[in-house]
Amino acid sequence: MAENVETLKSKKQADTSKNLENFMIRHRKPILISGICIFVIALALCLFIGITDAIRKKALAQIDEIEFNYTKNFSDITDDELSQKQTTALEDLKPYLEKKDFAGVRANMITADIYFAKKDYTNALDYYLKAVQAGEKLYTAPICLFNAGVCAEELGNNSDAISYYQSAADAPNFTLASHALFNAGRVNETEGNYAEAVAQYQKLVDSYSSDSWTNLAQSRLVQLRIDGKAE
């Protein structure tokens, strides 16, 4: 009986192998074509990733060169030469401004910095915000938001400045968070929004106990209480 069971098992396995072999023979063209398609897709994906990475690295290298040429010999040039450098750099950066990656972030940040140096705060603000949009999750986003706050202040748009400073302060691991929070409180105080200013100063005192901006915030809280403006 045991021998018959083993014989039946062997016959069943042989039939299964034969059926699989027949299936492979009957469908060899579709299977071959599918295999080729998978290989081609995988190869194309690898090539795409490689080409994209190469393009990104090339763009960053070109932006580095533009920045280097712009900042080179700053201390030894005339105002006219500086103006020419700025014009050249702004023109050279244009092809990279619409990129939604780190190259786009850097191109927009450098462009914003140039306009800021020219005291063109409207364009500086615009390009700092574009840099944020190009890399919202990058560490550069709160830096650009902070700078956008400075530009908005220079333009007299204090409500926007407060919003940018607060957004920068709320960003995780932002090294200038205490400064941004103090600025938000300071501008609120300038606007007569004393309750908001007190809240931001107090948050700064509670969150950054050993920070120089904390000392300033503490001083403002004391003064606001003396003036009867802090509830």
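## Exercises on a predicted model

Asn158 counts as buried because its relative accessibility is 15% (buried means under 20% relative accessible area, with a 1.4 Å probe and protein chains only). The model is predicted: local features need pLDDT of at least 70, side-chain atom pairs count only at pLDDT 80 or more, and totals for chains, interfaces and linings use all residues. Residues are numbered from 1 along each chain as its sequence is written, and side-chain values use heavy atoms, without hydrogens or water.

**Exercise 1.** Place Asn158 and find its partners.

*Solution.* Start with the helix. Asn158 lies in H7, residues 158–170 (a helix is a DSSP run of H or I, at least four residues, numbered from the N terminus). Next, list the contacts (heavy atoms within 4.5 Å). Leaving out residues up to four places away in sequence, Asn158 touches Glu153, Val187, Thr190 and Glu191. Last, look at Glu191. Its side chain meets that of Asn158 in a polar contact of 2.9 Å (a pair of N or O atoms within 3.5 Å; within protein, one must be able to donate a hydrogen and the other to accept it, and residues adjacent in sequence count only if both atoms are side-chain atoms).

**Exercise 2.** Check the span of helix H5, then find what covers its buried residues.

*Solution.* H5 runs over residues 121–134, which makes 14 residues. The expected span is 1.5 Å times one less than the number of residues. That gives 20 Å, and the end C-alpha atoms are 20 Å apart, so the two agree. Now the buried residues: among them are Tyr121, Leu125, Tyr128 and Val132. Their cover includes H4 (102–117), H6 (140–154) and H7.

Technical notes
Helix = DSSP H or I, 4+ residues; strand = E, 2+ residues; numbered from the N terminus. Buried < 20%, exposed > 50% of the residue type's maximum accessible area, 1.4 Å probe, protein only.
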